[in-house]
Amino acid sequence: MTTCIYCGNAFDPDKPTTTICRSCWFGGRYFEEQRPSLIAALRQIPGIASASFDHTGGGCWGLGVRLQDGRFLFAVVALKDSETGEWYGDPSLPEPGEPWTVGVYADDDGGFSSGEPLTYDLPVTDDQLIERVRVEAARIETKENV
Ligand SMILES: [Zn+2]
């Protein structure tokens, strides 16, 4: 048995080098620990229902932000095509400090089932990602105040 470095629960690792339990791994805890200021900044924005690192299957991850009106922002790595110079999104997380692709979806079902984003931006920095979420979240308040 091993003790999880995050939650302290005892678990039986598949490999002796594993230090994170399945629950913390699939809950995105490892990625949160890599980017504590980013996830904290997102969670402080009014209008955010949740912000988490979400496993989308097949070893793929993204940063999912659910807004209180049901819209969903999903951020993955932005990569640059070495031949064309064009940026594109790939369904995995960037290394901390590397750029994101962020899409806005009607709901999280659309985001996870590869629905078409309402809009998307790339490449964006952590600060630009926070600002993008802030702008989308502010639109909720505007609607509510009408
Ligand atoms: Zn754990």
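These legends describe close-up views of a predicted model.

**View 1. Two assigned domains and where they meet.**
The domain assignment splits the protein into domain 1 (1-34) and domain 2 (35-145). Their C-alpha centres lie 25 Å apart. On the domain 1 side, six residues make contact with ten residues of domain 2. Helix α2 (residues 29-34) supplies four residues, the largest share of that side. By type, the touching residues of domain 1 are two nonpolar, two polar and two charged.

**View 2. The hairpin of β5 and β6.**
Strand β5 (residues 72-80) runs antiparallel to strand β6 (residues 87-90). Four bridges join β5 and β6. One residue to pick out is Ala 78, whose bridge partner in β6 is Gly 89. Six residues sit between the strands of this hairpin. Within the hairpin, Gly 85 takes a positive phi near 80°.

**View 3. The largest nonpolar core.**
This core has 25 residues. Val 65, Leu 73, Ala 75 and Trp 100 have the most contacts inside it. At least two core residues come from each of α3 (36-43), β3 (48-57), β4 (60-67), β5, β7 (100-105) and α5 (126-145). Strand β5 gives the most, with seven residues. In soluble globular proteins, nonpolar side chains tend to be buried together.

**View 4. The surroundings of Ala 75.**
Ala 75 is among the core residues with the most contacts inside the core. Which residues is Ala 75 in contact with, leaving aside its neighbours within four places in sequence? They are Gly 62, Leu 63, Trp 100, Thr 101, Val 102 and Leu 129. Trp 100, one of these partners, also ranks with Ala 75 among the residues that have the most contacts inside the core.

**View 5. Asp 54, a buried residue of strand β3.**
Asp 54 lies in strand β3. Is Asp 54 buried or exposed? Asp 54 counts as buried because it has 21 C-beta neighbours inside 10 Å, and the cut-off for buried is 20 or more. Neighbours within four places in sequence aside, Asp 54 is in contact with Gly 28, Trp 61, Gly 62 and Gly 64. Gly 62 is a contact of Asp 54 and also of Ala 75.

**View 6. Asp 54 and Ile 140 across the model.**
Along the chain, Asp 54 and Ile 140 are 86 residues apart. Their C-alpha atoms are separated by 23 Å.

Terms used:
Residues are numbered from 1 along each chain as its sequence is written. This is a predicted model: local features need pLDDT of at least 70, side-chain atom pairs count only at pLDDT 80 or more; totals for chains, interfaces and linings use all residues. Domain bounds come from an automatic or database domain assignment. Two residues are in contact if their C-beta atoms, placed from the backbone, lie within 7 Å. Ala, Val, Leu, Ile, Met, Phe, Trp, Tyr, Cys and Pro count as nonpolar, Asp, Glu, Lys and Arg as charged, and the others, Gly among them, as polar. Two strands pair if DSSP finds at least two bridges between them. A nonpolar core is a set of buried Ala, Val, Leu, Ile, Met, Phe, Trp, Tyr and Cys residues joined through C-beta atoms within 7 Å. A residue is buried if 20 or more other C-beta atoms lie within 10 Å of its own, exposed if 12 or fewer, and partly exposed in between; C-beta atoms are placed from the backbone.
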